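Thank you all for making the time this morning. I would like to walk through one model with you, going from place to place along the chain, and I will keep to what can be read from the coordinates.

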Amino acid sequence: MRFIKILLLIIVLVVIVLFFMQNTEVLGQYIHLGFGLPGSSALDAGSLYWELPPLPLYAAVLGAFVIGALITLLSSLMTRIRLGSELRRANRKARELEQEVNSLRKLPLQKNGQSGGQGQGGQSQPA
């Protein structure tokens, strides 16, 4: 399974490199990214507008890929932590139940409502 994961990772990296090499002209163009409230712009003083300096398109694509990878990593990490916690809880419960079963196996059989069929001193009581 580990070999398959490494092979898939290498294939993905090769495809990404080929994509960037074949599209250098288009991906080298600069873009302007900004975020703000509708009707606001960077020219308005005191407006809530945020703008990145011009950056090449490949940087935006690569940044989106990295952000997506980080979000995926955090999501899978949180899932792994949750599942690990559930597994520990289930293992603890299984150990407790096994101990209970073992303690019940050691008890003598009951007969006619008597606990174990023996009284004090280890002698049998008449029924």
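Let me begin with the nonpolar patch on the surface, which is formed by Met-1, Phe-3, Ile-4, Leu-7, Leu-8, Ile-11 and Val-15, and which has about 760 Å² of accessible area when these residues are taken together. I should say straight away that this is a predicted model, so please hear everything that follows with that in mind. Among the patch residues, take Phe-3, which is found in helix α1, the helix that covers residues 2-22. Phe-3 counts as exposed, because its relative accessibility is 63%, and the cut-off for that class is over 50%.

Let me now step back to the whole chain for a moment. The protein chain has three helices and four strands, and, read along the sequence, these follow the pattern α-α-β-β-β-β-α. Of the 127 residues in the protein chain, buried residues make up 5%, where buried means under 20% relative accessible area.

Next, the aromatic side chains. A search of the whole structure finds one aromatic pair. The partners are Phe-19 and Phe-20, whose ring centres are 5.7 Å apart, and since their planes stand at 75°, the pair is edge-to-face. As for Phe-19 itself, its relative accessible area is 41%, and it is therefore partly exposed.

Moving on to helix α2, which spans residues 24-27, we find Val-26 placed there. Is Val-26 exposed or only partly exposed? With a relative accessibility of 44%, Val-26 counts as partly exposed. There is also a distance to point out here, in that the C-alpha atoms of Val-26 and Pro-56 are separated by 9.3 Å, while the two residues are 30 apart along the chain.

That leaves the charged side chains, and I will take the paired ones before the others. Which side chains meet in a salt bridge? A search of the whole structure finds one such bridge, and in it the side chains of Glu-86 and Arg-82 meet, with a distance of 3.2 Å from N to O. Because Glu-86 and Arg-82 are four residues apart in helix α3, they are separated by about one helical turn. Both ends of the bridge can be placed by their accessibility: Glu-86 is partly exposed, with a relative accessible area of 36%, and Arg-82 is likewise partly exposed, with 45%.

Finally, there is a patch of positive charge on the surface, where Arg-88, Arg-89, Arg-92 and Arg-95 gather. One of these, Arg-92, lies in helix α3, which runs over residues 57-106. Arg-92 has 43% relative accessibility, and so it counts as partly exposed. I will stop there and take your questions.

Notes: Residues are numbered from 1 along each chain as its sequence is written. This is a predicted model: local features need pLDDT of at least 70, side-chain atom pairs count only at pLDDT 80 or more; totals for chains, interfaces and linings use all residues. Side-chain values use heavy atoms; hydrogens and water are left out. Patches are made of residues with over 30% relative accessible area and no salt bridge: like charges are joined within 9 Å, nonpolar side chains (Val, Leu, Ile, Met, Phe, Trp, Tyr) within 5 Å. Accessible areas come from the Shrake-Rupley method with a 1.4 Å probe; for residues, only the protein chains shown count as cover. A salt bridge is a side-chain nitrogen of Lys or Arg within 4 Å of a carboxyl oxygen of Asp or Glu. Lys and Arg count as positive and Asp and Glu as negative; His and the chain ends are not counted. The place of a charge is taken as NZ of Lys, CZ of Arg, CG of Asp or CD of Glu. Helices (H or I, at least four residues) and strands (E, at least two) are DSSP runs, numbered from the N terminus. Buried means under 20% relative accessible area, exposed over 50%, partly exposed in between (1.4 Å probe, protein chains only). Rings of Phe, Tyr and Trp (its six-membered ring) pair if their centres lie within 6.5 Å; planes under 30 degrees apart count as stacked, over 60 as edge-to-face and the rest as tilted.
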